[in-house]
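Biologist: I should like a close look at one part of this model, with attention to its charged side chains.

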Amino acid sequence: MFPFFSRSKMSEAPEVNPAPAKTHEPHPLDALTGGAFSAATSGERASRIREWLTTQPAPEQLQEVFKELSGRDKGAARAVRERLDEIRRAKGQEAIAAEWADKAQALLSASKLNIADALAWQRDAAKAGAPLSREPLSLLKVQIADRVKVIEDLQHRVQVQREAAVLLAQRIEVLSTKSWRDAQAALELLRADVARWQEQAQGLTSDASWVSVEARFPQQLESSKAQLLVVWEAFQPALAQAIAAAEDVNAPLPPVPVWADELRVARGLPSEAAAAAAKSARPAKPKVDPEVRDKAVQAVREALATLEKETAEGHGKASAGAAAALRAVLKTQGKHIDAALEQQVHSALVAAGELEGWQRWSADQVREDLVAKAEGLLNRPEGQALGGRKMQETLRQLREQWKQTDQGGAPNHALWKKFDEACNAAHKVVEAWLDKIRSEAAEHKAQRLALIEEVKAWAQEHAASGDWKGIHRALYQFGDRWRESGHVGEKLFAELQPLWKQAIAAAAAPLEAAQKESLARRHAMIEEAAALGAAAVLRIDAVKSLQQRWQAEAQSVPLDRKQEQKLWDAFRKPIDEAFNRKSAERERATTELSARDRVVLEASKALEAANASGDAQQIRAAMQALEAALRGQALAAQAVAESETDSEKSQAASAQQATETVASEQQSDASAETATPAPAAAKPVARPVVAVRGDDRPGMKKDAPAVAGRGARPGDRRDGRPGDRDGSRGPRADGRFGDRNDRGGRFGDRPEREDRGPRLGDTAFRAQRDAMEHAQQTLKKLAAQAHGEALTHLLTAWEKRDATQLPSAQDLGGRVSASVRAAWAQALSAAPKGDAAEALLRLEIAAEVPTPAEHIAARRMLQLQLLTRRNDPSPAQTWGDDTARVLSSASDAGSARRLQNVLKTLLRK
């Protein structure tokens, strides 16, 4: 019955010797990990694992240790898992590094390195997560950067050489404006500078990275070299001729005007400027008719204004035409204009020439860019090739840009040939795409024509069908198939769309007719719903029938979703308004408070206030007041009912008097009856319950014999023999079931229930119910608090041996009688004596609370002893005396805690 862990004295079972402790064998991986698996604590195990990881073990060893350790200690295995993840990431990064290293080697090994490709390699490698800061990528990154730096340096040196060539040409031109002797003195220095420039230019072109320079830089260097050589080769012969003319009077003069004038002056001849002035000293012009001169000036000014306008707007071709027109006007009208206007004309012509030269150069730059773009259309990176439509648009844009460039400058046939070849090669992609589009358009046309024929055949097949829902679904499916039939050209679509509309309209004609009839029926039902909603009395059966008709109509004939929702809203609106009106009336009737409801509400509010105060007496008084308010309703209703008619009072009094007479006769004859049933009596009136002291149930008084009645079990004799349990008890005339034998049969007339008056309103009923529940919960909480305080005072009185601090009987509760409290006070008043161990065990058995582990054996022994004392009172009956024995002993912390746990339960039972 009781599980015993210690061996009892009465047990005859042989004593079993404990098995020897198992010796733990060392783990095979202990030697590898430095004793991590045999560590006593998790922290020590993690420390040994970290020390082992510093030795850089192999991945296979790490995997084996992690497999064994993850089931034992996940905290220690975390470091191993992190090392494995690090190795795995390192392997992944090695693969990525190898891939990008190969790409870098390919870039470096190529004879021509594109700077954009080099920069893209570094950017894409960083995006892919390649370790650029570790070998070999770090070295390759530096090599690529150095290679790019060399190329950029070459390009910069080309720019410097261009500027140097321009400066050398300017020096030569400046020397041509000075004396030939100055030019002769600077000849050797100029020769050295030109030779050095040619040497530096040759060094640039012979560099290994020269092939990687952008295409425009070699062209710029060549053009600068050609211009410099042209000037230098013209300067040297002219200077040699000037030296020869200075030595020989008969030698020809140099082509340089300044040098020639200097030599003429040295020979004693007039200079060219003096000769020109002598020639200009011609006779004055003859007088011209003012009208002719005005016309000439006007013509020249108009041509001049046109040229200046085109030059200001930068129109190269237009400015060339305007300059030619101005020159033609000058040929005929130049002799009639003054010197100021002639100078203005010459300035405008010079500006137009400069614009034409600049635009020719800039147009070539734009054309070169367009050629590069056209050639790059087919040389795009893998995965970035242009589609057919995009290629077509790009080619169209490039050709438009070329046309605009030709309009602003002189044409360049060599660049046009390269541009046209590149565009034609790229246009093959467009042609393939167009062929594909044409074939797909033919297939899509065939599909659409087949769909139109299918719709026509389906319309003829289902012309007489009444499944409107299926027809509606099929039409939607046909529409989806038409939209998904693929792309066709605008012209072809304009031809097919009318055929499709005609076929689908013929197929949808029966459904549209049915929908029109359904709309008429639904509008009629909406009007009927409005009439039902406007009626004074809402007929629920008619509303349900109308809703069922609407649902049947909606299920049979489908409409467009939006239209059907609008119709449903219009149909539901009057019915919802009627129901809302009815609900509002019901709520208004419910919320209207009567005088009786207000009384109950005020009492409920008073009870809630008492609950908030936390005073038990105030709460009980408020509860009694609320109950009185509830009973007062029935009493008031009864008083109103009794004051209505005096005749009903007299009838009720006579009926009550007759009932009491019959009842007295039955009571006098009850002792003489044995087995004869009692005659039927008139229906008794419920008597008021009168509170008396003691137990006033029939048969419970010592001086009143029990009344005979029916037996307790089926088959018992009912003749009232001596010895029978209910033999001498007759039918009960009072008590709980006093009138059970007086009613006629099982379903006889029951006495009318007591009239409780009108029902409370919903608000008042809920208020009084919630107030009662809150009051009961508050009283329970206060009782629990008082119970805890009483226990605390009791334990304090035991500790201080002071009977005056013992709580009163009212505080201790109804379980503690006055005699028990007196015994407790007497025990506290005396000096401590005796041992309370057995008394505490009895109290714990009585309260059915657990016993501390060190006293479990003593409790089991006491339970066995109690089993042998069958006539002794149980601990549940003597817990008051046991408590007195405990209080008479000395107090200690353990005993006080055990006594408190026991009394918590016993004082509540």
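Which helix holds both Asp-193 and Arg-196, and how many residues apart are they? Please also set this pair beside other salt bridges of the model.

Modeller: The model is a predicted one. Asp-193 and Arg-196 both belong to helix H8, which spans residues 187-205. They are 3 residues apart, about one turn of the helix. Their side chains form a salt bridge, with an N to O distance of 3.0 Å. Asp-193 counts as buried because its relative accessible area is 15%, under the 20% cut-off. Arg-196, at 44%, is partly exposed, since that value falls between the 20% and 50% limits.

A second pair may be set beside this one. Asp-882 and Arg-842 form a salt bridge whose closest N and O atoms are 3.1 Å apart. This pair links distant parts of the chain: Asp-882 lies in helix H29 (residues 879-888) and Arg-842 in helix H27 (residues 837-847), 40 residues apart. Asp-882 is buried, at 3% relative accessible area, and Arg-842 is buried as well, at 9%.

To return to helix H8, the pair there belongs to a network: salt bridges that share partners join Arg-171 with Asp-193 and Arg-196.

A further salt bridge is that of Asp-124 with Arg-123, where the closest N and O atoms are 3.7 Å apart. Asp-124 is partly exposed, at 31% relative accessibility, and Arg-123 is partly exposed too, with a relative accessible area of 45%. The count for the model comes to 21 salt bridges. In general, side chains of opposite charge can pair when their charged atoms come close.

Conventions:
Residues numbered from 1 in each chain as written. Predicted model: local features only at pLDDT ≥ 70, side-chain atom pairs only at ≥ 80, totals over all residues. Heavy atoms only, no water. Salt bridge = Lys/Arg side-chain N within 4 Å of Asp/Glu carboxyl O. Buried < 20%, exposed > 50% of the residue type's maximum accessible area, 1.4 Å probe, protein only. Helix = DSSP H or I, 4+ residues; strand = E, 2+ residues; numbered from the N terminus.
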